[in-house]
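Please open the model in your viewer and keep the selection panel at hand. The stops below are meant to be followed in order, with a selection suggested at each one.

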Amino acid sequence: MKSRDYSNATLTIDLSALAANYRLLVDKFVGRHVGVAVKADAYGIGVERAAQTFFAEGCRTFFVANLDEGVELRGILGPGPEIYIFEGISADRGGVFTANDLRPVLNHLGQIATWAEHAAATSNPLAAALHVDTGMSRLGLPGQELDILLAEPERLAGIDLKLVMSHLVCGDEIDNPSNNNQLRAFSQIRNHFPDVEASFANGAGILQGPEYHFDVARAGLALYGGNPMPSLPNQMSEVIQIKAKIAQVREIDSPQTVGYGATHRAIGPARIATVPVGYADGYPRSLGNTGFAVIDGVRVPVAGRVSMDMITLDVTAVAPEKAAPGCEVELLGGGVSPVELARAAGTVDYELLTRIGSRYHRRYVDTTSSGNS
Ligand SMILES: *Cc1c(COP(=O)(O)O)cnc(C)c1O
């Protein structure tokens, strides 16, 4: 990670909030263990500090999307904690899995065969999760493949099944009937594997209620301060804040357009502040003329298009001394909720977080102990 010591835009990550969010989910969870999803660089906040924080809180089960992320995470955590790879295994990667003590999520019969062959070659039972599809039609064994597996259980020879899992389609919606349909389907499937722990709930699934919990959860977004149930008030603590310093302020007294394409017209008198964060930093270009920021408690709109390296804000409503060059603007967190900003951008907080760019000065803070690092 480059140091970015001179950046006028700062990304602050509150590790004590991250820990508090993990504890909140653990408190709600009635199963054995809350595992965490730290894929995509821990949803943009940085996998190293995130994984260490969860480990310190007692987490011993981690999920990542792909093998590269798994190898990196093993290097961070050292030997011991369980690491599952959602994408599963492809032929010729078996050695990388065993060398790094990684567990594939087996998503189809071909992956089961690959892992069983690797187990036979190493003459050791090899741990894995089995993913069955209950409605996503994405990864996981479809019904026909599950039937074949149940009829031919020798396909699992040499595989030490640790988890049987499935994934919710509409977990973020409180009353969607598909949740209960998937729950019933999964409950039947897991009965075929009575000695294997079951994993069903993502972060939203934990909030759906105890019947969704089973043994091991796979929490993600909620840990990072996102709202797993966007129709309800967010119970999670805020982890991420982005602030930037105003670079320049333009006084406008006769009608004048702002930014590329002249999509905003300031009639005047108005003040336009330029802030050094743009789409190259992950600030969505779709927030042109629809996004907002907060200065000194006042919400100010994005005026004109988002540029690569900057945005322009209409700060007419803010006292001039609070919206001068060098003054701070909250772009995310604080007065700017990730869910609300994501909605304005036509996306979800998941995408907003995972696209956060690399040009920020990154600060990790722990508000409960010794301070900054
Ligand atoms: C990403 C992911 C999770 C975590 O989901 P959140 O909605 O972020 O809590 C859990 N399970 C699977 C299969 C995933 O891909």
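A charge is taken to sit over a ring if NZ of Lys or CZ of Arg is within 6 Å of the ring centre and within 35 degrees of the ring normal. With that in mind, and remembering that this is a predicted model, select R60 and F55 to begin: R60 lies over the face of F55, at 3.6 Å from the ring centre. Then move the selection to R299 and F292, where the charged end of R299 is placed over the ring of F292, 3.8 Å from the centre of that ring.

Now zoom out to the whole chain. Its C-alpha atoms fill a box of roughly 80 × 40 × 40 Å along the principal axes, and a cartoon view will show eleven helices and 20 strands. Of the 373 residues, 51% count as buried, while the area that the chain exposes is about 16,600 Å², with carbon and sulfur atoms supplying 50% of it. If you display contacts between residues at least 6 apart in sequence, 64% of them join residues at least 24 apart.

Next, colour the strands of the eight-stranded sheet, which is open, has parallel pairing and follows the order β8-β7-β6-β5-β4-β3-β2-β9. β8 and β9 are the edge strands, each with a single partner, so one side of each is left without a neighbour in the sheet. Looking from strand to strand, you should find neighbours turned by 30° against each other on average, direction ignored. Within this sheet, select β2 (residues 33–37) and β3 (residues 61–64), which run parallel and are joined by two bridges; A37 stands opposite F63 in β3. Adding helix α4 (residues 67–77) to the view shows how this helix packs on the sheet, where it touches β3 and β4 (82–85) and has a direction that makes about 170° with that of β4.

For the second sheet, select β11, β14 and β17, three strands that form an open sheet in the order β11-β14-β17 with antiparallel pairing. The edges are held by β11 (248–252) and β17 (311–314), each of which pairs on one side only, and the twist from one strand to the next averages 25°. Between β14 (residues 270–275) and β17, which run antiparallel, there are four bridges; to follow the register, label I272, which stands opposite D314 in β17, and V275, which stands opposite I311. Which way do the side chains of β17 point? I311 and L313 point one way and T312 and D314 the other way, and all of them are buried.

The last stops concern aromatic rings, of which the structure holds eleven pairs. Select Y22 and F54, a tilted pair with 5.9 Å centre to centre and 45° between the planes. Y22 belongs to helix α1 (residues 15–28) and F54 to helix α3 (residues 47–56), so the pair ties together parts that are 32 residues apart in sequence. Y22 and F54 are both buried. Then go to F200 and F214, an edge-to-face pair with 5.7 Å between centres and 80° between the planes. F200 sits in the loop between β8 (197–199) and α9 (203–208) and F214 in the loop between α9 and β9 (216–219), 14 residues apart, and both are buried. Finally, return to Y22 and F54 and extend the selection to Y43, Y224 and Y350, since these five residues form one aromatic cluster.

Conventions: Residues are numbered from 1 along each chain as its sequence is written. This is a predicted model: local features need pLDDT of at least 70, side-chain atom pairs count only at pLDDT 80 or more; totals for chains, interfaces and linings use all residues. Side-chain values use heavy atoms; hydrogens and water are left out. Rings of Phe, Tyr and Trp (its six-membered ring) pair if their centres lie within 6.5 Å; planes under 30 degrees apart count as stacked, over 60 as edge-to-face and the rest as tilted. Buried means under 20% relative accessible area, exposed over 50%, partly exposed in between (1.4 Å probe, protein chains only). Two strands pair if DSSP finds at least two bridges between them. Axes are lines fitted to C-alpha atoms, for helices over the stretch in contact, and angles run from 0 to 180 degrees between N-to-C directions. Contact means heavy atoms within 4.5 Å. Accessible areas come from the Shrake-Rupley method with a 1.4 Å probe; for residues, only the protein chains shown count as cover.
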